[in-house]
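These are my notebook entries on a structure I went through strand by strand, and then by its core, its cavities and its loops.

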Amino acid sequence: MKKLFIAALMIASSVASFAQHSVGSFSLQPKVGVSLATLVGDHAGDPSMKFGLVSGVEAEYQATDLIGVAAGLNYSMQGANYDDPIGDSKLEYINIPVVANFYVAKNFALKLGVQPGFLVSAKSGKLDVKDHCKTFDFSIPVGASYEISNFVIDARYNFGLTAIPDGLLDKVRNSTIQLTVGYRFDL
């Protein structure tokens, strides 16, 4: 029993050392990267991935040794490519991701959160279709990050929950992969 207790104590103490920053600290992380986006749903058609830009900033509060809470403000190019006369779907959003970072290994965090987004621009081919789209978008970001010398490599998948168009095609949603690199510094 004593050996089991000592082993459990050693495991717990090693797990508690995974966080990069001290409990109660705040950090800021400007970042830039790419998005690989498409549209999904019953009426999405057969789109292919669209390459775009993601840039923004994220602030994190290190709540415990294992958990940090982060909130950000990002500009994200989304949409989809189509091989038909309709043309590509070009959507631009200002997203506000709020994620919990679970530090499961040294320098490595798993992420889960919520992300409200606000439509800035919407085009189908060369036509402005913003008036036919919902201005609010909601998604669930899941992902992982790895930190090397304050540089953070972050990969996320955003599950879109909100239908994009107003009206008939209301089951079309965003589906976006984001890969970013940021520099994290303590405040």
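Which residue in β11 is the bridge partner of L28? I looked this up first, keeping in mind that the model is a predicted one, and found that F185 is the partner of L28 in β11.

**Entry: the pairings of β1**

I then listed what pairs with strand β1, residues 26–40. Strand β2 runs antiparallel to β1 and is joined to it by twelve bridges, and within this pairing I noted that K50 of β2 stands opposite A37. Strand β10, residues 173–183, is also antiparallel to β1, with ten bridges between them, and here V181 of β10 stands opposite V32. The pairing that holds L28 and F185 belongs to β11, residues 185–186, which is joined to β1 by two bridges and again runs antiparallel.

**Entry: the nonpolar core**

Next I asked which residues make up the largest nonpolar core. There are twelve in all, namely L39, A44, A80, Y82, L91, Y93, L119, A122, V129, C133, I164 and V172. I noted that the elements giving two or more residues to this core are β4, residues 89–95, and β6.

I took L91 as a member to follow further, leaving aside its neighbours within four places in sequence. L91 is in contact with the core residues L39, L119, A122 and I164, and its contacts also include S76, M77, Q78, G79, S121 and N174.

**Entry: the cavities**

I wrote down the general point that rolling a probe the size of a water molecule over the atoms shows where empty space is left. In this model the structure holds three cavities of 30 Å³ or more, and the largest of them has about 70 Å³ of space. Its lining is made up of 14 residues, and those nearest the centre of the cavity are Y103, S145, E147, V152 and R184. The elements that give two or more residues to this lining are β2 (50–62), β5, β6 and β8, and the largest share, three residues, comes from β6. Sorted by class, I find four nonpolar, five polar and five charged residues in the lining of the largest cavity.

**Entry: A144 in β8**

I also looked at A144, which is found in strand β8. Its relative accessible area is 22%, so A144 is partly exposed. Although A144 and A109 are 35 residues apart along the chain, their C-alpha atoms are separated by 5.5 Å. Not counting residues up to four places away in sequence, A144 touches F108, A109, L110 and K111, and it also touches I153, D154 and A155.

**Entry: two asparagines with positive phi**

Last, I checked two residues other than glycine with a positive phi, of which N107 has a value near 70 degrees and N150 a value near 75 degrees. N107 lies in the loop between β5 (98–105) and β6 (108–124), and N150 lies in the loop between β8 (136–148) and β9 (151–160).

Is N107 buried or exposed? N107 counts as buried because its relative accessibility is 18%, and the cut-off for buried is under 20%. N150, at 28% relative accessibility, therefore counts as partly exposed.

Conventions
Residues are numbered from 1 along each chain as its sequence is written. This is a predicted model: local features need pLDDT of at least 70, side-chain atom pairs count only at pLDDT 80 or more; totals for chains, interfaces and linings use all residues. Side-chain values use heavy atoms; hydrogens and water are left out. Helices (H or I, at least four residues) and strands (E, at least two) are DSSP runs, numbered from the N terminus. Buried means under 20% relative accessible area, exposed over 50%, partly exposed in between (1.4 Å probe, protein chains only). On a 1 Å grid over the protein atoms alone, a cavity is a set of points where a 1.4 Å probe fits but cannot get out, and a pocket is an open set with protein on both sides within 12 Å along at least five of seven lines; lining residues have an atom within 4 Å of a point. Grid points are joined across faces, edges and corners, and a volume is the space filled by probe spheres set on the points. Ala, Val, Leu, Ile, Met, Phe, Trp, Tyr, Cys and Pro count as nonpolar, Asp, Glu, Lys and Arg as charged, and the others, Gly among them, as polar. Two strands pair if DSSP finds at least two bridges between them. A nonpolar core is a set of buried Ala, Val, Leu, Ile, Met, Phe, Trp, Tyr and Cys residues joined through side-chain atoms within 4.5 Å. Contact means heavy atoms within 4.5 Å.
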